[in-house]
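Open the model in your viewer and keep the selection tool at hand. The stops below go one at a time.

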Amino acid sequence: MSAMEFETVFHGVSVCYAQKVVRVRTDRALMAYLAEPGRGAEELAEHIAVRYQEKLGCALEITGRSLAVELLAHAYCDALLLRMEQVAERLPGSLGARLVQAAARLQKHTDVIDMGERSVDSNRWLFDDLAPFYAVICGILGDKA
């Protein structure tokens, strides 16, 4: 790790930080934490933002909701895609179509979730677009969010 890189552990979840990028390992610790009752993705996203600011002296230019959605999307990608399509059929107007389009662009599950600012992450726009659907995504995943 360089001088600008550091790591924290939050409820057993390993988070690695670098300039403009945060990485979370998709392992048993993350899945166990997300499976606990509550809104673990939001809490982890808040931890990430606070530690980034403390250690690097500037804010991570990613919203908490965008981070939380990306965590959930990568952790539960397959199940989430199926359910998002089902829920989208019931949403009014263009909301359902937007949700289906965004869901279709999700990538498959990865071992490490790379969450970067727009200037360094080519798919940041996708999770920013999904951020307004955070409550819908949590509803789809139930206790796993």
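Select His11 first. It sits in the hairpin of β1 and β2, where two residues lie between the strands. His11 takes a positive phi near 50°. Keep in mind throughout that this is a predicted model.

Now show the two strands on either side of that turn. β1 and β2 (residues 13-18) run antiparallel, joined by five bridges. Pick Phe10: Val13 in β2 stands opposite. Then pick Phe6, whose bridge partner in β2 is Tyr17.

Stay on Tyr17 and look across to the next strand. In β3, the bridge partner of Tyr17 is Val22. Add Ala18 to the selection; Val21 in β3 stands opposite Ala18. How many bridges pair β2 and β3? There are four, in the antiparallel sense.

Follow the chain round the turn between these strands. β2 and β3 form a hairpin with two residues between them. Select Lys20 in this turn: its phi is positive, about 70°.

Go back to Val21 and look towards β4. Gly116 in β4 stands opposite Val21. Five bridges pair β3 with β4, again in the antiparallel sense.

Colour the whole sheet. It is open, has four strands in the order β1-β2-β3-β4, and its pairing is antiparallel. Which strands stand at the edges? They are β1 (6-10) and β4 (112-116). Each has a single partner strand, so one side of each is left without a neighbour in the sheet. Turn the view to check the twist: neighbouring strands are turned by 20° against each other on average, direction ignored.

Next, select residues 64-75. This is helix α3, which lies across β3 (21-25) and β4. Helix α3 runs at about 155° to β4.

Move to another helix pair. Select residues 28-35 for α1 and residues 40-56 for α2. Two packed helices are described by the angle between their axes and the distance between the axes. Here the angle is about 120° and the axes are 8 Å apart. That makes α1 oblique to α2.

Show side chains at this contact. From α1, display Leu30, Tyr33 and Leu34. They meet Gly40, Ala41, Glu43 and Leu44 in α2. What is the make-up of the contact of α1 with α2? Its residues divide into five nonpolar, one polar and one charged.

Now pick out two cysteines. Is Cys16 buried or partly exposed? Cys16 is partly exposed, because its relative accessible area is 28% and the partly exposed class runs between 20% and 50%. Cys138 is buried, with a relative accessible area of 3%. Do not look for a disulfide: a search of the whole structure finds zero.

Finally, zoom out to the full chain. Count seven helices and four strands. Trace them from the N terminus: the elements run β-β-β-α-α-α-α-α-β-α-α. Colour by burial, and buried residues make up 44% of the 145 residues in the chain. Then draw the contacts between residues at least 6 apart in sequence. Of these, 67% join residues at least 24 apart.

Definitions and conventions: Residues are numbered from 1 along each chain as its sequence is written. This is a predicted model: local features need pLDDT of at least 70, side-chain atom pairs count only at pLDDT 80 or more; totals for chains, interfaces and linings use all residues. Side-chain values use heavy atoms; hydrogens and water are left out. Two strands pair if DSSP finds at least two bridges between them. Axes are lines fitted to C-alpha atoms, for helices over the stretch in contact, and angles run from 0 to 180 degrees between N-to-C directions. Contact means heavy atoms within 4.5 Å. Angles under 35 degrees count as roughly parallel, over 145 as roughly antiparallel, 65 to 115 as roughly perpendicular and the rest as oblique. Ala, Val, Leu, Ile, Met, Phe, Trp, Tyr, Cys and Pro count as nonpolar, Asp, Glu, Lys and Arg as charged, and the others, Gly among them, as polar. A disulfide is a pair of cysteine sulfur atoms within 2.5 Å. Buried means under 20% relative accessible area, exposed over 50%, partly exposed in between (1.4 Å probe, protein chains only).
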